[in-house]
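The following paragraphs lead the reader through a structure, beginning at its interior and moving outward along the chain. Please keep the sequence and the coordinates in view while reading.

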Amino acid sequence: MAKAKPNLIFAYGTLKRGFPNHGLMEDLKTKDDAVFIDTSHTKDPHPLVVGPHGVPYLINLPGSGHRVKGEIYAVSDDAVVRLDEFEGVKNGYYERIPVVVVRHGGERVKAEAYFGHRSFGEILWKTKGQVGLIEYGENEAKEHVRREDRPGRRNSILDILIH
């Protein structure tokens, strides 16, 4: 029996197909906890920036930035738990927030995306000169450093931004 996948997740960065952390989505798909739905973009503009270690962050400032391109996945409740853990929700790295996305064919759907936590999102946007990306692409992914390979484990992204 197929697992229920009642949650829609908008992936805009390293979880997309062909990017450094897509293996997690593949693992979820193998366990029948996720299925790719469609390519999409956010209905409203949002800032998308690359922070320290080449990590992409969608910033919760609707109306700034661009309509960000990404992918929609339907995922199980178990997958949401794993994604929250991976994205460091409990540690204040990201927060899962509702967002309206437009599917490839034009249909608008309500999903959730992992936004850079409010404690640093606006600061990060300002440090990037309020210039964002339309899409996290191959060039940006070349700068990505896997979590286990990052030097000098600091307490938070705020420590990195301030120092």
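**The nonpolar core and its strands**

Within the largest nonpolar core, which has 38 residues, the members that touch the most others are Phe10, Met25, Tyr57, Leu58, Val75 and Leu83. Strand β7 supplies the largest share of this core, namely five residues. In soluble globular proteins, nonpolar side chains tend to be buried together. The model examined here is a predicted one.

Leucine 58 illustrates the contacts made by one of these core residues. Apart from residues up to four places away in sequence, leucine 58 touches Phe10, Tyr12, His46, Pro47, Leu48, Val68, Ala113, Tyr114, Phe115 and Gly116. Phe10 is itself on the list of core members with the most partners.

Strand β7 covers residues 108-116, and seven of its nine residues are buried, so the strand is largely enclosed by the rest of the structure. What pairs with this strand? Strand β6 (residues 94-103) is joined to β7 by nine bridges, and the two run antiparallel. Within that pairing, arginine 96 stands opposite tyrosine 114 of β7. The two strands form a hairpin with four residues between them, and glycine 106, in the turn, has a positive phi of about 105°. Strand β1 (residues 7-11) also pairs with β7, here in parallel and through two bridges. In this pairing isoleucine 9 has glutamate 112 as its bridge partner.

Strand β1 is mostly covered as well, with four of its five residues buried. It pairs with β5 in the antiparallel sense, over five bridges. Isoleucine 9 takes part here too, standing opposite tyrosine 73 in β5. Isoleucine 9 thus has a partner in β7, glutamate 112, and another in β5, tyrosine 73.

**Aromatic pairs and charges over rings**

The structure holds five aromatic pairs. One of them is formed by phenylalanine 19 and tyrosine 136; the pair is tilted, with 5.6 Å from centre to centre and 50° between the planes. Phenylalanine 19 lies in the loop between β1 and α1, whereas tyrosine 136 lies in the loop between α3 (121-127) and α4 (138-141), so the pair ties together parts that are 117 residues apart in sequence. Both rings belong to buried residues: phenylalanine 19 has a relative accessible area of 16%, and tyrosine 136 has 0%.

A further pair, phenylalanine 36 with tyrosine 73, is edge-to-face, at 5.5 Å centre to centre and 70° between the planes. This pair links distant parts of the chain, since phenylalanine 36 is in strand β2 and tyrosine 73 is in strand β5 (residues 69-75), 37 residues apart. Are these two residues buried or exposed? Phenylalanine 36 is partly exposed, at 25% relative accessibility, while tyrosine 73 is buried, at 0%. Elsewhere, Tyr57, Tyr94 and Phe120 form one aromatic cluster, and Tyr57 is also among the core residues that touch the most other members.

Two of the paired rings carry a charge above them. The charged end of lysine 16 sits over the ring of phenylalanine 19, 4.7 Å from the ring centre. Likewise, the charged end of arginine 17 sits over the ring of phenylalanine 36, at 3.9 Å from its centre.

**Polar and unusual residues in the loops**

The loop between α1 (22-30) and β2 (34-42) contains aspartate 33. Although its side chain is acidic, aspartate 33 is buried, with a relative accessible area of 5%. Which side chain does it meet in a polar contact? The partner is the side chain of serine 76, at 2.7 Å. Beyond its neighbours within four places in sequence, the residues in contact with aspartate 33 include Lys3, Lys5, Leu28, Ala74, Val75, Asp78 and Ala79. Val75 therefore connects this site to the core, because it is listed there among the members touching the most others.Aspartate 32 is placed in the same loop, between α1 and β2. Its phi is near 60°, a positive value in a residue other than glycine, and it counts as partly exposed at 27% relative accessibility. Most residues other than glycine have a negative phi. Histidine 53, in the loop between β3 (48-50) and β4 (56-58), also has a positive phi, near 65°. At 25% relative accessibility, histidine 53 counts as partly exposed.

Note on methods: Residues are numbered from 1 along each chain as its sequence is written. This is a predicted model: local features need pLDDT of at least 70, side-chain atom pairs count only at pLDDT 80 or more; totals for chains, interfaces and linings use all residues. Side-chain values use heavy atoms; hydrogens and water are left out. Buried means under 20% relative accessible area, exposed over 50%, partly exposed in between (1.4 Å probe, protein chains only). Two strands pair if DSSP finds at least two bridges between them. A polar contact is a pair of N or O atoms within 3.5 Å; within protein, one must be able to donate a hydrogen and the other to accept it, and residues adjacent in sequence count only if both atoms are side-chain atoms. Contact means heavy atoms within 4.5 Å. A nonpolar core is a set of buried Ala, Val, Leu, Ile, Met, Phe, Trp, Tyr and Cys residues joined through side-chain atoms within 4.5 Å. Rings of Phe, Tyr and Trp (its six-membered ring) pair if their centres lie within 6.5 Å; planes under 30 degrees apart count as stacked, over 60 as edge-to-face and the rest as tilted. A charge sits over a ring if NZ of Lys or CZ of Arg is within 6 Å of the ring centre and within 35 degrees of the ring normal.
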